[in-house]
Amino acid sequence: MSSDINRILIIDDNSEYRKALLVRLKSLFPEAVVDEYDVVNKGLPADDFDWNQYDVLILDYYLDQETSGVDWFNRYKKS
């Protein structure tokens with residue numbers, strides 16, 4: 001099966017969930033690169049983070065006690 005999805009980014013604070021999702025996505029899109037973003041260790045992405053390299057973004061709602069996925073989306077949506 002051919003897909004236009006070449007690169008996927010998972011942003012979630014739960015490492016076990018990220019790993020499970022990564023395995024599932026790789027089975028659905030074996031040609032795609034699936035990257036994980038560890039919110040707990042990395043915090044907010046830098047302002048120059050290249051969001052355009054991703055075809056799909058999977059963003060958790062509850063990222064930490066101070067910010068949500070909606071907050072991140074609103075902050076970076078123009079990027």
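# Notebook: strands, salt bridges and overall form

I began with Val 33, which is partly exposed, with a relative accessible area of 40%. The model I am reading is a predicted one. Val 33 lies in strand S2. I then listed the contacts of Val 33, leaving aside neighbours within four places in sequence, and found Asn 6, Arg 7 and Ile 8. I also took a distance from Val 33 to Asp 48, which is 15 residues away along the chain, and the C-alpha atoms are separated by 21 Å.

**Entry: strand pairing.** I looked next at how S2 is placed against strand S1. S1 covers residues 7-12 and S2 covers residues 33-38; the two run parallel and are joined by six bridges. Between them the chain passes through helix H1, residues 15-28, and I noted this β-α-β crossover as right-handed. For a single pair at residue level I picked Asp 12, whose bridge partner in S2 is Asp 38.

S1 also pairs with strand S3. I counted four bridges there, and these two strands are parallel as well. On this side I picked Ile 11, and its bridge partner in S3 is Leu 59. How many of the six residues of S1 are buried? Five of them are, so I wrote S1 down as mostly covered, with buried meaning under 20% relative accessible area.

**Entry: Leu 57.** I turned to a residue of S3. Leu 57 sits in this strand, which spans residues 56-59. Is Leu 57 buried or partly exposed? Its relative accessible area is 41%, so I recorded Leu 57 as partly exposed. Apart from neighbours within four places in sequence, Leu 57 is in contact with Leu 9, Ile 11 and Trp 51. I had already met Ile 11 as the bridge partner of Leu 59. The C-alpha atoms of Leu 57 and Gly 69 are 11 Å apart, and 12 residues separate the two along the chain.

**Entry: salt bridges.** I searched the whole structure and found five salt bridges. I wrote out three of the pairs, starting with those of Glu 36.

Glu 36 forms a salt bridge with Arg 18, and the closest N and O atoms are 3.1 Å apart. This pair links distant parts of the chain, as Glu 36 is in strand S2 and Arg 18 in helix H1, 18 residues apart. I compared the cover on the two ends. Arg 18 is buried, with a relative accessible area of 5%, while Glu 36 is partly exposed at 23%.

Which residue other than Arg 18 forms a salt bridge with Glu 36? It is Lys 19, again with 3.1 Å between the closest N and O atoms. Glu 36 belongs to strand S2 and Lys 19 to helix H1, so this pair ties together parts that are 17 residues apart in sequence.

The next pair I noted is Asp 47 with Arg 75, whose side chains meet in a salt bridge at 3.5 Å, N to O. Asp 47 is in the loop between helix H2 (39-42) and S3, and Arg 75 is in helix H3 (residues 69-76), so I logged the pair as a link between distant parts of the chain, 28 residues apart. Asp 47 is exposed, with a relative accessible area of 65%, and Arg 75 is partly exposed at 48%.

I then checked for shared partners. Arg 18, Lys 19, Glu 36 and Asp 38 are joined into one network by salt bridges that share partners. Asp 38 had come up earlier as the bridge partner of Asp 12.

**Entry: whole protein.** I closed with the totals. I tallied three helices and three strands, and from the N terminus on the elements run β-α-β-α-β-α.

What is the radius of gyration? I have 13 Å for the 79 residues, and a compact globule with this number of residues would come near 12 Å, which agrees. The C-alpha trace spans about 40 × 30 × 20 Å along its principal axes.

Buried residues make up 28% of the 79. The protein exposes about 5,600 Å², of which carbon and sulfur atoms supply 49%. Last, I looked at contacts with a separation of 6 or more, and residues 24 or more positions apart account for 69% of them.

Notes
Residues numbered from 1 in each chain as written. Predicted model: local features only at pLDDT ≥ 70, side-chain atom pairs only at ≥ 80, totals over all residues. Heavy atoms only, no water. Pairing = 2+ DSSP bridges. Right-handed = clockwise from strand over helix to strand, strands pointing away. Buried < 20%, exposed > 50% of the residue type's maximum accessible area, 1.4 Å probe, protein only. Contact = heavy atoms within 4.5 Å. Salt bridge = Lys/Arg side-chain N within 4 Å of Asp/Glu carboxyl O. Rg over C-alpha atoms; globule rule 2.2 N^0.38 Å. Areas by Shrake-Rupley, 256 points an atom, 1.4 Å probe, with all protein chains shown as cover.
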